[in-house]
Amino acid sequence: MPQSQQYPDTRYAPAPLVDLTAKAERERLSRSATRAFFNIMATWEARDEDARRLLGGVSNGPFYEMKRDPDKVLDADRLTRISLLVGIFKALNILYSEKLADAWPGLPNANRIFAGATPLDYMARGGLAAMTNVRRLLDARRGGM
């Protein structure tokens with residue numbers, strides 16, 4: 001790059017990316033992710049059926065085993081899904097009062113992406129793509145868009 005087009009020096013350094021393909025990383029993150037997931041589901045008063053769908057269609061046995069034993073190592077897909085839900089939970093609590101933040105996922109929503117459904121139902125039906133859309137929507141609202 002020519003000298004005039006260089007980025008200015010900064011003390012900011014991006015956090016290193018977490019390699020979810022590495023078993024050690026998944027082992028390190030799984031317990032806290034599982035606990036966070038079930039705490040969020042309880043806060044949002046999500047039905048077990050919706051919680052299972054948010055995790056990617058987990059059947060009853062593995063779901064209740066996860067509940068009983070949060071030490072089970074999660075795969076990259078489940079960790080990614082839980083990460084999105086944690087981000088949504090955090091964004092809601094930045095944007096709204098605790099009462100509204102906790103209720104918002106279960107309230108019918110007129111925003112065109114939800115088409116009158118609840119955000120929780122939208123995410124349960126739409127999987128990763130829908131969770132990403134909700135996260136982007138809330139992050140845009142946080143940014144004043």
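User: Why is the crossing of H4 and H6 called left-handed?

Analyst: In this predicted model, the crossing of H4 and H6 is left-handed, and the word applies when the near helix is turned anticlockwise from the far one by less than a right angle. The axes of the two helices cross at roughly 35° and come within 9 Å.

User: How do you know that H4 and H6 meet, and which residues are involved?

Analyst: A contact requires heavy atoms within 4.5 Å, and by that test residues of H4 including Asp77, Arg81, Leu85, Ile88 and Leu92 meet residues of H6 including Met123, Gly127, Met131, Arg135 and Leu138.

User: What makes the length of H4 agree with what is expected of a helix?

Analyst: The expected span is 1.5 Å times one less than the number of residues, which for the 20 residues of H4 (residues 76-95) gives 28 Å. The helix reaches 29 Å from its first C-alpha to its last, and this is close to the expected value.

User: Which residues of H4 are buried, and what covers them?

Analyst: The buried residues of H4 are Leu79, Arg81, Ile82, Leu84, Leu85, Gly87, Ile88, Ala91 and Leu92. What covers them includes H1, helix H2 (48-54), helix H5 (98-103) and helix H6 (119-142). As general background, an α-helix has 3.6 residues a turn, so residues three or four places apart point the same way.

User: Why is isoleucine 88 called buried?

Analyst: Isoleucine 88, which lies in helix H4, has a relative accessibility of 0%, and because the word buried means under 20%, isoleucine 88 qualifies. Leaving aside neighbours within four places in sequence, isoleucine 88 is in contact with Trp44, Met123, Met131, Val134, Arg135 and Leu138. Isoleucine 88 and leucine 137 are 49 residues apart in sequence, while their C-alpha atoms are 9.4 Å apart in space.

User: Is aspartate 50 buried or exposed, and how do you know?

Analyst: Aspartate 50, placed in helix H2, has a relative accessible area of 7%, and since the cut-off for buried is under 20%, aspartate 50 is buried. Not counting residues up to four places away in sequence, aspartate 50 touches Leu120 and Ala124.

User: What makes phenylalanine 38 and phenylalanine 63 an edge-to-face pair?

Analyst: The structure holds six aromatic pairs, and one of them joins phenylalanine 38 and phenylalanine 63, with 5.5 Å from centre to centre and 65° between the planes. Rings pair if their centres lie within 6.5 Å, and planes over 60 degrees apart count as edge-to-face, so this pair satisfies both conditions. The pair links distant parts of the chain, with phenylalanine 38 in helix H1 (residues 23-43) and phenylalanine 63 in helix H3 (residues 60-68), 25 residues apart. Phenylalanine 63 and tyrosine 64 also form an edge-to-face pair, at 5.1 Å centre to centre and 80° between the planes. Phe37, Phe38, Phe63 and Tyr64 form one aromatic cluster.

User: Why is tyrosine 64 called partly exposed, and how do phenylalanine 38 and phenylalanine 63 count?

Analyst: Buried means under 20% relative accessible area, exposed means over 50%, and partly exposed is in between, so tyrosine 64, with 31%, is partly exposed. Phenylalanine 38, at 15%, is buried, and phenylalanine 63, at 1%, counts as buried too. Leaving aside neighbours within four places in sequence, phenylalanine 38 is in contact with Phe63, Met66 and Lys67.

User: Which residues touch the most other members of the largest nonpolar core, and which helix gives the largest share?

Analyst: Of the 33 residues in the largest nonpolar core, Phe37, Met41, Trp44, Leu54, Leu85 and Met123 touch the most other members. H1, H2, H3, H4 and H6 each supply at least two residues of this core, and the largest share, nine residues, comes from H6. Leucine 54 touches Phe37, Met41, Arg81, Leu85, Leu120, Met123, Ala124 and Met131, not counting residues up to four places away in sequence.

User: How many helices and strands does the chain have, and what percentage of its residues count as buried?

Analyst: The chain has six helices and zero strands. Of its 145 residues, 33% count as buried. Among contacts between residues at least 6 apart in sequence, 60% join residues at least 24 apart.

Methods
Residues numbered from 1 in each chain as written. Predicted model: local features only at pLDDT ≥ 70, side-chain atom pairs only at ≥ 80, totals over all residues. Heavy atoms only, no water. Phe/Tyr/Trp six-rings, centres within 6.5 Å; stacked < 30°, edge-to-face > 60°. Helix = DSSP H or I, 4+ residues; strand = E, 2+ residues; numbered from the N terminus. Buried < 20%, exposed > 50% of the residue type's maximum accessible area, 1.4 Å probe, protein only. Core = buried A, V, L, I, M, F, W, Y, C linked by side-chain atoms within 4.5 Å. Axes fitted to C-alpha atoms, helices over the stretch in contact; angles between N-to-C directions.
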